[in-house]
Amino acid sequence: MLHGLWSPGAGLMLWRGPHAELPELPEPLARVLRRRFRRHHTVQVPDAVGVRPERVPVLALAPPEAADVLLAVPDDAPGIAGDLRYLAHVARGVERWARAGRVVPELYRAEGHWWPRWRLLGGERQRAWLAELAAAMPPVQRYEGTPREVLDDFVAELTDAVVRDLLGDRDAAHPLLRALLRGEPYDGGNHKMATGLDAWRESLTVDEPELVLRLLEPEGDEEADLADDALWRLQVCLRTEGEAPTPILLHRTEARLLEIGVRKLGAAVAAYPRLRDLPTDPDSLDLLLPTAVVTDLVLHGARALQHAGIALLLPRAWAAVSPSLRVRVSSPPVPAAAEDRAVGMNEIVGYDWELALGDAVLTPDELTRLADTKGDLIRLRGQWVQADAAVLAQAARYVTQRNSEEEGTLGGLLAQLTEAERPPVPVEDVQASGWVGTLLDGTLEPTPVPPPPGLRAELRHYQQRGLDWLAFMSETGLGAVLADDMGLGKTLQLLALLAHERADTPTLLVCPMSVVGNWQREAARFVPDLRVHVHHGADRSRGDDLTAAVRESDLVVTTYSLLARDVEALGAQSWRRVVLDEAQHIKNAATAQARAARAIPAEHRVALTGTPVENRLDELRSILDFVNRGMLGSPQAFRARFAVPIEREHDEAAITRLRAVTSPFILRRVKTDPAVISDLPEKQEMTMRANLTVEQAALYRAVVDDMLKKIKDTEGMQRKGAVLSALTRLKQVCNHPAHFLGDGSGVLRRGRHRSGKLGLVEDILESVTADGERALLFTQFREFGELVVPYLEERFGTDVPFLHGGVPKARRDRMVERFQGPDGPPIMLLSLKAGGTGLNLTAANHVVHLDRWWNPAVENQATDRAFRIGQRRDVQVRKLVCVGTLEERIDAMISDKQELADLAIGTGERWITEMDTDQLHDLLTLGDEAVGE
């Protein structure tokens with residue numbers, strides 16, 4: 001006998017019983033049976049008692065071929081087992097439905113693609129047909145799953161194959177129809193389209209009337225509170241296509257329709273169990289609902305019923321609304337700070353908090369009445385309104401309490417909007433008049449600043465806009481964060497502000513040591529009459545000498561380390577302004593540098609940074625807390641209100657609130673925006689992969705094995721330490737064996753590279769230098785740079801400067817100046833941290849990241865040493881990774897995280913230490929393709 005079995009996910013399985021001698025069969029069945037039965041499958045065969053499993057050779061057929069075979073099985077041919085006849089019977093039924101046009105397309109997601117396919121239309125007749133088939137399913141088939149699960153999978157797969165065969169080989173212009181006809185994925189698919197096709201299919205099932213539940217409101221005074229014992233009628237109706245819903249009356253509805261109504265009402269109760277055990281109307285199927293059930297029906301039951309395909313009609317005058325808070329802020333047309341620039345965040349403004357239900361702002365009388373109501377369902381202005389009474393009462397008290405304060409300050413308003421204890425309902429709208437209104441809603445147009453006297457530069461349009469904004473923020477005493485992309489000229493904009501203002505007291509500028517010389521040079525170039533004093537070095541001014549030097553200067557430049565060390569002396573001086581360059585240096589609010597920056601008294605504060613958020617949103621809070629003290633609350637409150645909801649839950653509402661509060665104080669432009677800068681060349685980024693050498697691969701495996709052995713029975717900090725140590729060592733192995741071993745051994749062995757990565761670097765530099773161009777190489781390891789520099793100098797016959805944290809300031813400045821010169825060296829090596837910020841190295845148009853950092857923002861800062869204003873050539877950025885290693889997997893993970901890069905990228909390497917041992921093994925184990933030939 002020839003048997004058949006449908007296995008979900010595997011297709012049709014054909015197998016022969018023992019000593020089966022089959023008669024002559026029609027094509028294509030005969031053709032298929034001439035193949036070898038290569039695969040094996042376990043089937044349940046009859047035994048003396050019950051059934052027993054038996055492993056048999058099978059022939060597996062995919063759905064298209066299975067459809068051809070099953071439709072060719074004769075009704076009365078001998079040698080065909082009942083299980084195969086059953087499948088053939090189902091296939092012929094599917095074909096009949098298809099020829100009758102009772103099929104529609106659907107869209108489903110699988111294997112990372114959207115696939116269109118044909119499916120049965122559905123409806124009562126098809127459901128009855130499937131129910132009969134499930135009951136008649138042969139016992140041998142039931143061991144593949146429940147009868148309905150197996151049948152649904154079989155019918156779904158076969159329907160698509162049968163319809164496509166009936167349509168034949170044809171093409172279509174529309175890509176969706178073309179994919180449907182060919183059985184190919186559709187690139188334009190999405191959830192909305194899939195849902196739309198499902199809704200269209202459901203609208204076509206006209207075999208029987210659909211169930212409609214219609215909620216009827218109780219009679220009573222329109223504006224009165226609803227009585228606790230009031231009952232709402234949930235009318236049970238049937239609706240035929242094109243007709244109005246008809247109530248089901250027990251003694252006047254024909255038996256067939258009554259049976260349909262009872263069955264479908266049972267499905268509604270199953271979908272929404274709160275309809276069970278409710279009072280009923282004796283003359284109909286209608287249910288009588290208490291107010292509490294009505295409230296839950298609208299909030300939760302409506303969605304459950306919708307998912308079950310059951311329509312729910314609410315009274316016309318109905319609104320299930322959420323309460324929200326609104327703030328109306330009044331301020332003078334011109335800030336008082338324009339006359340007294342010390343006002344700033346202390347500017348006096350008036351508040352008016354409002355409570356709204358939907359779009360309706362409540363009057364005081366309505367607020368009082370609704371706050372006292374006991375139920376969640378009331379009538380308001382002729383409309384049924386559903387809202388949580390307890391929340392309404394809390395919101396009313398919240399509004400009353402805040403409106404009792406006649407006036408406050410701008411800083412006080414921001415503190416209320418960001419306080420740790422959230423309002424009882426969301427604040428959805430803040431509207432302000434006067435200058436505060438233009439500041440908060442983003443329509444601020446500062447008065448244009450005339451060309452500053454003594455400024456020897458022509459400002460680009462966006463730099464002029466930056467100067468106007470900085471001048472406005474300075475005049476109003478509001479702290480500002482100029483967060484322009486690297487290379488857009490933040491230095492020039494700040495110098496232009498100083499030239500415009502010409503204040504009696506100087507500005508204190510704090511920056512990394514690596515850019516102190518850059519500030520000196522840029523000030524001398526653009527504002528030569530600006531008096532600049534550098535507070536740095538062992539012989540720096542102290543005591544009265546410092547006071548005299550500050551008094552005689554317009555700009556005092558110092559470093560972050562000296563700011564923390566000399567905070568008392570610097571805090572005793574009179575400052576017009578404190579400016580932090582590369583302000584991400586205070587991203588940790590608890591460090592001595594951050595505390596010192598906040599401790600220096602000044603009339604105005606400015607932060608300059610191209611990356612206001614590198615790793616966590618706490619960094620943004622720290623920077624804004626420097627420029628406007630307390631505007632985002634305490635670190636704990638900020639984490640609870642913003643950081644956790646955004647970083648962990650991607651809470652869009654929290655993101656919107658944070659942007660609304662912070663955007664007035666941050667000016668952010670990116671150089672890839674053509675509206676900002678149109679003459680900057682292109683930046684081409686690419687990941688280049690190198691194979692490990694045999695020596696590298698052996699060292700890599702040894703490090704992974706050693707780490708897995710160490711962490712096997714360890715926990716806590718000891719385990720994390722072992723993982724972090726292994727990560728560092730694996731990076732070193734990927735760079736070069738000598739880097740990992742630290743044994744002073746040579747770069748080459750017998751004239752061949754010991755590192756696949758260094759061999760790739762050599763190929764890149766050979767091409768760059770041959771074209772007469774220059775390259776910047778970045779590494780996070782100083783010792784690797786010291787290993788590579790002598791080799792590159794010998795290989796290319798040129799000096800290769802290496803800028804790292806141990807290079808003194810004077811030598812660093814000479815290094816940069818020489819590289820930028822017309823006869824500068826073609827190659828410069830930099831450590832990622834020391835050379836990643838504040839430098840202008842546009843003589844290079846190639847950037848090579850020798851080893852990947854965990855945070856792309858840090859790499860981008862380094863890249864921007866070359867990709868900035870002044871660059872005239874396209875910049876090529878190459879990021880090197882070793883194939884099959886940790887580097888390649890981390891590169892893929894970082895790419896996947898780019899969606900969140902503007903807000904919060906993962907926190908460095910620490911997340912890797914939280915992986916379990918199996919995850920670490922999968923992440924770190926060397927791939928088979930890692931070693932080159």
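Leaving aside its neighbours within four places in sequence, with which residues is T662 in contact? T662 touches L624 and L632, where contact means heavy atoms within 4.5 Å. The structure is a predicted model, in which local features need pLDDT of at least 70 and side-chain atom pairs count only at pLDDT 80 or more, while totals for chains, interfaces and linings use all residues. Residues are numbered from 1 along each chain as its sequence is written, and side-chain values use heavy atoms, with hydrogens and water left out.

The protein has 933 residues, of which 52% are buried. Buried denotes under 20% relative accessible area, exposed over 50%, and partly exposed the range in between (1.4 Å probe, protein chains only). The accessible surface of the protein is about 43400 Å², and carbon and sulfur atoms contribute 50% of this; accessible areas come from the Shrake-Rupley method with a 1.4 Å probe, and for residues only the protein chains shown count as cover. Of the contacts in the protein with a separation of 6 or more, 71% are between residues 24 or more positions apart. The secondary structure consists of 34 helices and 34 strands. Helices (H or I, at least four residues) and strands (E, at least two) are DSSP runs, numbered from the N terminus.

An open sheet of seven strands shows parallel pairing in the order β22-β23-β21-β24-β25-β20-β26. Its edge strands, each pairing on one side only, are β22 (532–535) and β26 (666–667). Two strands are taken to pair if DSSP finds at least two bridges between them. In general, the strands of a sheet pair through backbone hydrogen bonds, either parallel or antiparallel.

Within this sheet, strand β21 (residues 507–511) is mostly covered, with five of its five residues buried. T507, L509 and C511 point one way from β21, whereas L508 and V510 point the other way. Five bridges pair β21 in the parallel sense with strand β23 (residues 555–559), and in this pairing L508 stands opposite V556 of β23. β21 also pairs in the parallel sense with β24, over four bridges, with V510 opposite L580 of β24.

Strand β24 (residues 577–581) pairs in turn with strand β25 (residues 604–608), in the parallel sense and over five bridges. The bridge partner of V579 in β25 is V606, and that of L580 is A607. L580 thus appears in two pairings, opposite V510 and with A607. β25 is mostly covered, as five of its five residues are buried. From β25, H604, V606 and L608 point one way and R605 and A607 the other. Strand β20 (residues 480–482) runs parallel to β25 and is joined to β25 by three bridges; here V481 stands opposite A607.

Two helices were examined along their length. Helix α15 (residues 461–475) has 15 residues and reaches 21 Å from its first C-alpha to its last, close to the 21 Å expected at 1.5 Å a residue. The expected span is 1.5 Å times one less than the number of residues. Because 11 of its 15 residues are buried, α15 is largely enclosed by the rest of the structure. The buried residues of α15 include W469, L470, F472 and M473, and among them are also the polar positions Q463 and D468. G477, just after α15, takes a positive phi of about 75 degrees.

Helix α10 (residues 291–307) has 17 residues that should span 24 Å at 1.5 Å a residue, and its end C-alpha atoms are 23 Å apart, which agrees. α10 nevertheless contains a kink of about 55 degrees centred on L297, the bend at a residue being the angle between axes fitted to the seven residues ending there and the seven starting there. L297 is buried, as are T291, V293, V294, T295, D296, V298, G301 and L305 of α10. G309 follows α10 and has a positive phi, near 80 degrees.

Two further helix positions were considered singly. T662 lies in helix α24 (residues 652–662) and counts as buried because its relative accessibility is 5%. The side chain of T662 reaches the backbone oxygen of L658 at 2.8 Å. R201, in helix α8 (residues 191–204), has a relative accessibility of 13% and therefore also counts as buried. Not counting residues up to four places away in sequence, R201 touches V104, R119, L120 and L121.

Terms used:
A polar contact is a pair of N or O atoms within 3.5 Å; within protein, one must be able to donate a hydrogen and the other to accept it, and residues adjacent in sequence count only if both atoms are side-chain atoms.
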